[in-house]
Amino acid sequence: MNLKMLAAHLGLSQTTVSRALNGYPEVSEETRKRVTEAARELNYSPNARAKGLATGRAMAIGHVIPISTQHEIVNPVFGDFVAGASEAYLKAGYDMTLSLTGDEDEAQNYRRLKAKGNVDGIILHGPKMKDGRIPFLTGLKMPFVVHGRASELDQPYCWVDVDNAGAFRRATNFLLDLGHRRIGLINGLEFMDFAHRRREGHEEALAARGLSPDPALRRSGEMTEPYGYLAAHEMLARADPPTAFLTSSLITAIGVRRAIHETGHEMGRDVSVVTYDDDLSYLSNGRDVPIFTAIRSSVRDAGRIAAEMLLRHVATPALPPETALLEAQLIIGGSTGPAPAKH
């Protein structure tokens, strides 16, 4: 089934059918409904290239990923985000393009994508506290949505983020309610906005209970399993070790668990662990019963929401900036328990 055959079936011109399918306002609602219903019944799917010619759009969204040894885009998280975004792209007839770039020539990649007309919009990943890419893309007048926020930028832009500060306040309060007072924070790189907000939330919860953070129980680094293992091992070797850990990644938490076991402790009895858990489709936090107590949010949902937001702004560039702040849930698992009496 092609456009010509669909038009003949409906007794309409190809131009009218194309305009109805692409949302042109001059087509009546009655005609649009008739065309879309027939297209669905006959399994007609417009060719993306032809649709792009009809609308003057590339029918593609760009994701430009910086390649850096200190970058927070961890593959499992990015994969789930893209899976969610792809659901929205597929539904709207859009493709996704992925560009890998060095941090130093990222701006040039955006200029090239804009000049070539290869994409209609950009999803921006891994924002830093003061991220120069945001004002750059604003000046480039290309629709974009940020996965996250930039705390030190005071300008309107579209973003989708999790309430990271609120999530870590809640996690810290949960551990404090269990009697823990020495809590090790194993965070992401704190020039990244999400990690900065998580530390703020953690310290706000401590301050509300009259407690001060101990610098010896703070780590910031790339969220890997070896990082979690080494950070926890060092803290547990102290004369006054933590009775609990709060980590920024399920991957890091796996390393923390290894350190707990290697030092002769039992997780959940001797040392508790609460982790941020992105509810990843192929890195499960247990099946029936969660292994870790976790502050959980779906990065796949975030990808879908960000893509839908961007597609709205591609379709209507005059829309004011939108934002979406997602909440995380506290999931109780087997990694937490009351603080040991000796502490």
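User: What makes the pairing of the Ser248 and Asn187 side chains a polar contact?

Analyst: Good place to start! This is a predicted model, and in it the side chains of Ser248 and Asn187 are joined at 2.7 Å. A polar contact needs a pair of N or O atoms within 3.5 Å, and 2.7 Å is within that limit, so the pair qualifies.

User: Where does Ser248 lie, and why is Ser248 called buried?

Analyst: Ser248 belongs to the loop between β8 (244-247) and α11. Its relative accessible area is 2%. Buried means under 20%, so Ser248 earns the word.

User: Which residues is Ser248 in contact with, leaving aside neighbours within four places in sequence?

Analyst: Among them are Phe168, Ile186, Arg198 and Tyr276. Asn187, its polar partner, is in that list too. To count as a contact, heavy atoms must come within 4.5 Å.

User: What happens at the start of α11?

Analyst: There, a side-chain oxygen of Ser249 comes to within 3.0 Å of the backbone nitrogen of Ile251. The limit for a polar contact is 3.5 Å, so this pair of atoms falls inside that distance.

User: How do you know that the length of α11 is close to what is expected?

Analyst: Helix α11 covers residues 250-262, which makes 13 residues. From first C-alpha to last, α11 reaches 19 Å, and at 1.5 Å a residue the expected value is 18 Å. The expected span uses one less than the number of residues. After α11 comes Gly264, with a positive phi near 85 degrees.

User: Which residues of α11 are buried?

Analyst: They include Leu250, Ile251, Val256 and Ile260.

User: How do you know that the span of helix α8 agrees with expectation?

Analyst: Helix α8 runs over residues 164-177 and has 14 residues, so at 1.5 Å a residue it should span 20 Å. Its end C-alpha atoms are 20 Å apart, and the two values agree. Gly179 follows α8, and its phi is positive, near 100 degrees.

User: What makes α8 "mostly covered"?

Analyst: The count does: 10 of the 14 residues in α8 are buried. Among them are Asn164, Phe168, Ala171 and Leu175. As a general point, an α-helix has 3.6 residues a turn, so residues three or four places apart point the same way.

User: Why does Ala171 count as buried?

Analyst: Ala171, found in helix α8, has 0% relative accessibility. The cut-off is under 20%, so Ala171 is buried. Not counting residues up to four places away in sequence, Ala171 touches Leu246, Val274 and Ile295. Its C-alpha is separated by 8.0 Å from that of Ala294, which is 123 residues apart along the chain.

User: Why is His202 called buried?

Analyst: The reasoning is just like before. His202 has 0% relative accessibility, and buried means under 20%, so the name fits. His202 lies in helix α9 (residues 193-208). Beyond residues up to four places away in sequence, His202 touches residues including Phe168, Thr172 and Leu246.

User: Why is Met96 called partly exposed?

Analyst: Its relative accessible area is 30%. Partly exposed sits between under 20% for buried and over 50% for exposed, so 30% gives that label. Met96 lies in strand β2 (residues 95-102) and, with Leu98 and Leu100, makes a nonpolar surface patch of about 280 Å².

User: What share of the protein chain counts as buried?

Analyst: Of its 343 residues, 49% do. The chain has 12 helices and 12 strands.

Note on methods: Residues numbered from 1 in each chain as written. Predicted model: local features only at pLDDT ≥ 70, side-chain atom pairs only at ≥ 80, totals over all residues. Heavy atoms only, no water. Patch = residues over 30% accessible without salt bridge, like charges linked within 9 Å, V, L, I, M, F, W, Y side chains within 5 Å. Areas by Shrake-Rupley, 256 points an atom, 1.4 Å probe, with all protein chains shown as cover. Salt bridge = Lys/Arg side-chain N within 4 Å of Asp/Glu carboxyl O. Helix = DSSP H or I, 4+ residues; strand = E, 2+ residues; numbered from the N terminus. Buried < 20%, exposed > 50% of the residue type's maximum accessible area, 1.4 Å probe, protein only. Polar contact = N/O pair within 3.5 Å; in protein donor to acceptor, adjacent residues only side chain to side chain.
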